[in-house]
Amino acid sequence: YVNATEQPWAPHYRMYDYVVKELPQLVESELPLSGERAVSGHSMGGHGALICALKNPGFYKSVSAFAPIANPMACPWGQKAFTGYLGSDQGRWEEWDATRLIPGAEERLPLLIDQGTADEFLVQQLNPEALADACERHHHHINLRMHRGYDHSYFFIASFIDDHLNHHARALGLVA
């Protein structure tokens with residue numbers, strides 16, 4: 001969920017623009033929607049949901065994530081992806097890392113994050129504690145829920161999706 005600056009990706013890999021601009025524009029032009037938005041995702045998609053919300057104050061009413069890659073600058077997957085898409089200058093990476101975006105966030109949407117303790121990616125890749133620490137230091141509300149025994153699977157998502165849907169429904173004014 002970045003706009004690539006490195007070859008061969010730079011001309012066409014604009015995932016961030018697609019998710020934040022093109023996709024909402026397409027969906028809202030075809031369906032009778034209110035124009036209010038919420039964003040959620042799982043794993044890399046959870047990372048994308050977080051940065052999209054943090055980089056676009058006022059665009060989303062709520063954000064949530066399942067097992068997001070919360071601090072990609074500090075994990076092997078993120079370092080590999082950021083080097084490939086953004087180059088080796090880590091200063092350019094910061095605008096695509098949720099943990100690094102928290103201090104300057106203009107809007108303080110509460111973050112709902114669910115994470116399984118048996119997730120095989122938790123220790124090396126996901127780093128939700130870094131995000132929670134940044135939120136605490138900068139007074140950004142986070143509800144990080146650790147679930148004993150759950151992994152990275154769709155069963156994990158299915159187990160807690162109702163909470164996320166209700167989180168977004170409340171923010172969108174669809175339920176009390």
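Trainee: Which residues are buried in H2 of this predicted model?
Mentor: Gly-45, Gly-46, His-47, Gly-48, Ala-49, Leu-50, Ile-51, Cys-52, Ala-53 and Leu-54 are buried in H2. That makes 10 of its 12 residues, so the helix counts as mostly covered.

Trainee: What span should H2 have, and what does the model give?
Mentor: Its 12 residues should span 16 Å at 1.5 Å a residue. The end C-alpha atoms of H2 are 16 Å apart, which agrees.

Trainee: OK, H1 then. How far does H1 reach from its first C-alpha to its last?
Mentor: H1 covers residues 15-30, 16 residues in total, and reaches 21 Å. The expected value is 22 Å, so the two are close.

Trainee: Where is the kink in H1?
Mentor: At Glu-22, shortly before the proline Pro-24. The kink is about 35°.

Trainee: Which residues of H1 are buried?
Mentor: Tyr-16, Asp-17, Val-19, Val-20 and Pro-24.

Trainee: And what covers them?
Mentor: The cover over the buried residues of H1 includes helix H2, residues 44-55.

Trainee: Switching to pockets. How much space lies in the largest pocket?
Mentor: About 380 Å³. The lining of that pocket has 19 residues. Val-19, Leu-23, Pro-24, Ala-38 and Tyr-60 are the ones nearest its centre.

Trainee: Which element supplies the largest share of the lining?
Mentor: H1, with 5 residues. At least two residues each come from H1, strand E1 (38-42) and H2. Val-19 and Pro-24 appear here again near the pocket centre, and both are among the buried residues of H1.

Trainee: Now the strands. Why is E3 described as largely enclosed?
Mentor: E3 runs over residues 111-116, and 6 of the 6 are buried, so the rest of the structure largely encloses it.

Trainee: Which residues sit on each side of E3?
Mentor: Leu-111, Ile-113 and Gln-115 are on one side, with Leu-112, Asp-114 and Gly-116 on the other. Both faces are covered. In a regular strand, side chains alternate between the two faces of the sheet.

Trainee: How many bridges join E2 to E3?
Mentor: There are 4, between E3 and strand E2 at residues 62-66, and the two run parallel. Ala-65 stands opposite Ile-113 of E3.

Trainee: And how many join E3 to E4?
Mentor: That pairing has 6 bridges, with E4 at residues 142-147, and it is also parallel. Here Asp-114 stands opposite Arg-145 in E4. Asp-114 is buried, as noted for the faces of E3.

Technical notes:
Residues are numbered from 1 along each chain as its sequence is written. This is a predicted model: local features need pLDDT of at least 70, side-chain atom pairs count only at pLDDT 80 or more; totals for chains, interfaces and linings use all residues. Side-chain values use heavy atoms; hydrogens and water are left out. The bend at a residue is the angle between axes fitted to the seven residues ending there and the seven starting there. Buried means under 20% relative accessible area, exposed over 50%, partly exposed in between (1.4 Å probe, protein chains only). Contact means heavy atoms within 4.5 Å. Two strands pair if DSSP finds at least two bridges between them. On a 1 Å grid over the protein atoms alone, a cavity is a set of points where a 1.4 Å probe fits but cannot get out, and a pocket is an open set with protein on both sides within 12 Å along at least five of seven lines; lining residues have an atom within 4 Å of a point. Grid points are joined across faces, edges and corners, and a volume is the space filled by probe spheres set on the points.
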